[in-house]
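Please open the model in your viewer, set it to a cartoon representation, and keep the selection panel at hand. The stops below are meant to be taken in order.

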Amino acid sequence: MAVFKGTLAVASGYLLAFMIEQGGTVVVLTWLKYLFEAESLPQVVEALMSWSSRAGFSGAFLCGFTCTILQLLPICNGILMAMMMGAMWGTGGGLLMVSSAATLSAFMCYLIARNHLSRYLYPKGSIKLPELLQAVSNSIASSYPKSLFVVSLFRLSPVIPFCWSNYLFGLTPIKSAPYFIGTWLGTLPALSAFVSAGVVGKAMISSGASPPALLLALGGLATFGVLSIVGSIAKQELD
């Protein structure tokens, strides 16, 4: 029963985080539509691509800085941002930008939670997490290789709210080095796919094509597989 309650609490928290993030994404897109006087998302993307072609290095720096700041709070969907950066800056430039922004923002959230948020939430210094999270966090922190593996595996799931999980990791005893490296390595595969999808989407916008249904199905199966593995690890640590 305790495991069920812990799992339900975590799932509810992530659902709330997901809803907040999507609401923020709608606000950001609405603002961009107003800024570029666009009527649809494809028109917004076309306007951003046109701007990036003229902006040069200063525009790339501004986009990277914006992506980092937006990931400090659940303001905008990271998948959408990665796809937009791919459409605007290409595969190499877009991946470098979003990978740097994701890793840096994740580490900043981790430090904020570790050095400030934990003192506010737990003034007596004893952090008490739900049983499920406590068991998993203790296991993660037990060794450097295991920490690196679990963080990397955790980052492979695109459905887990990225921003909130960053702060959550800051409340666990995991060390900063495996967290930083694991985040960078674990986010690379998904970010590479999203940036590449943005590059393909750029061509789709021009040609009016639709994304292949097989690609969407494979993405769903991969997400299910990752979540199953993470759930298996959590159950193993509680048994």
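Helices in this tour are DSSP runs of H or I with at least four residues, numbered from the N terminus. With that numbering, select the loop between α1 (2–35) and α2, where E37 is found. The model is a predicted one, and the values quoted along the way are computed from it.

**The loop residue E37**

Show E37 as sticks and look at its backbone: the phi angle is positive, about 55 degrees, although E37 is not a glycine. Most residues other than glycine have a negative phi. Is E37 buried or exposed? With a relative accessibility of 72%, E37 counts as exposed.

**The whole chain**

Zoom out and colour by secondary structure; the protein has eight helices and zero strands, and reading along the sequence gives the pattern α-α-α-α-α-α-α-α. Of the 239 residues in the protein, 40% are buried. If you display contacts between residues at least 6 apart in sequence, 79% of them join residues at least 24 apart. Switching to a surface view, you are looking at an accessible area of about 13,100 Å², and 73% of it belongs to carbon and sulfur atoms.

**Helix α2 and helix α5**

Next select residues 41–70, which form helix α2. This helix has 30 residues, and yet its end C-alpha atoms are only 19 Å apart, short of the 44 Å that a straight helix would reach at 1.5 Å a residue. Where does α2 bend? Centre the view on G56, at which the helix bends by about 120 degrees.

For comparison, select α5, which covers residues 144–155. At 1.5 Å a residue its twelve residues should span 16 Å, and the end C-alpha atoms are 17 Å apart, which agrees. While α5 is selected, mark its buried residues, which are S147, V150, V151, S152, L153, F154 and R155.

**The nonpolar cores**

Now hide the cartoon and show the side chains of the largest nonpolar core, which has 36 residues. Which members touch the most other members? They are M84, M85, M88, F169 and Y179. Helices α1, α2, α3, α5, α6 (162–170) and α7 each supply at least two residues of this core, and the largest share, 14 residues, comes from α3. Apart from this core lies another, of five residues, and C109, A113, C163 and Y167 are among them.

**S99 in helix α3**

Stay with α3, which runs over residues 78–121, and select S99 within it. This serine counts as buried, because its relative accessibility is 6%, below the 20% cut-off for that class. Leaving aside residues up to four places away in sequence, S99 touches W184, L188 and L191.

**The aromatic pairs**

Select the aromatic side chains next; the structure holds four aromatic pairs. A pair of aromatic rings is described by the distance of the centres and the angle of the planes. Take F107 and F180 as one of these pairs: the ring centres are 5.3 Å apart and the planes stand at 90 degrees, so the pair is edge-to-face. Because F107 lies in helix α3 and F180 in helix α7, this pair ties together parts that are 73 residues apart in sequence. Both residues are partly exposed, F107 with a relative accessible area of 21% and F180 with 37%.

Then move to Y110 and Y179, whose ring centres are 4.5 Å apart with planes at 20 degrees, so this pair is stacked. Y110 lies in helix α3 and Y179 in helix α7, so the pair ties together parts that are 69 residues apart in sequence. Are these two tyrosines buried or exposed? Y110 is buried, with a relative accessible area of 2%, and Y179 is buried too, at 0%. To see the pairs in context, select F107, Y110, F169, Y179 and F180 together, since ring pairs link these residues into a cluster.

**A177 in helix α7**

For the last stop, select helix α7 (residues 176–207) and find A177 in it. A177 is partly exposed, with a relative accessible area of 36%. Draw a distance from its C-alpha atom to that of L148: the two atoms are separated by 8.6 Å, while the residues are 29 apart along the chain.

Note on methods. Residues are numbered from 1 along each chain as its sequence is written. This is a predicted model: local features need pLDDT of at least 70, side-chain atom pairs count only at pLDDT 80 or more; totals for chains, interfaces and linings use all residues. Side-chain values use heavy atoms; hydrogens and water are left out. The expected span of a helix is 1.5 Å times one less than its number of residues. The bend at a residue is the angle between axes fitted to the seven residues ending there and the seven starting there. Buried means under 20% relative accessible area, exposed over 50%, partly exposed in between (1.4 Å probe, protein chains only). Contact means heavy atoms within 4.5 Å. A nonpolar core is a set of buried Ala, Val, Leu, Ile, Met, Phe, Trp, Tyr and Cys residues joined through side-chain atoms within 4.5 Å. Accessible areas come from the Shrake-Rupley method with a 1.4 Å probe; for residues, only the protein chains shown count as cover. Rings of Phe, Tyr and Trp (its six-membered ring) pair if their centres lie within 6.5 Å; planes under 30 degrees apart count as stacked, over 60 as edge-to-face and the rest as tilted.
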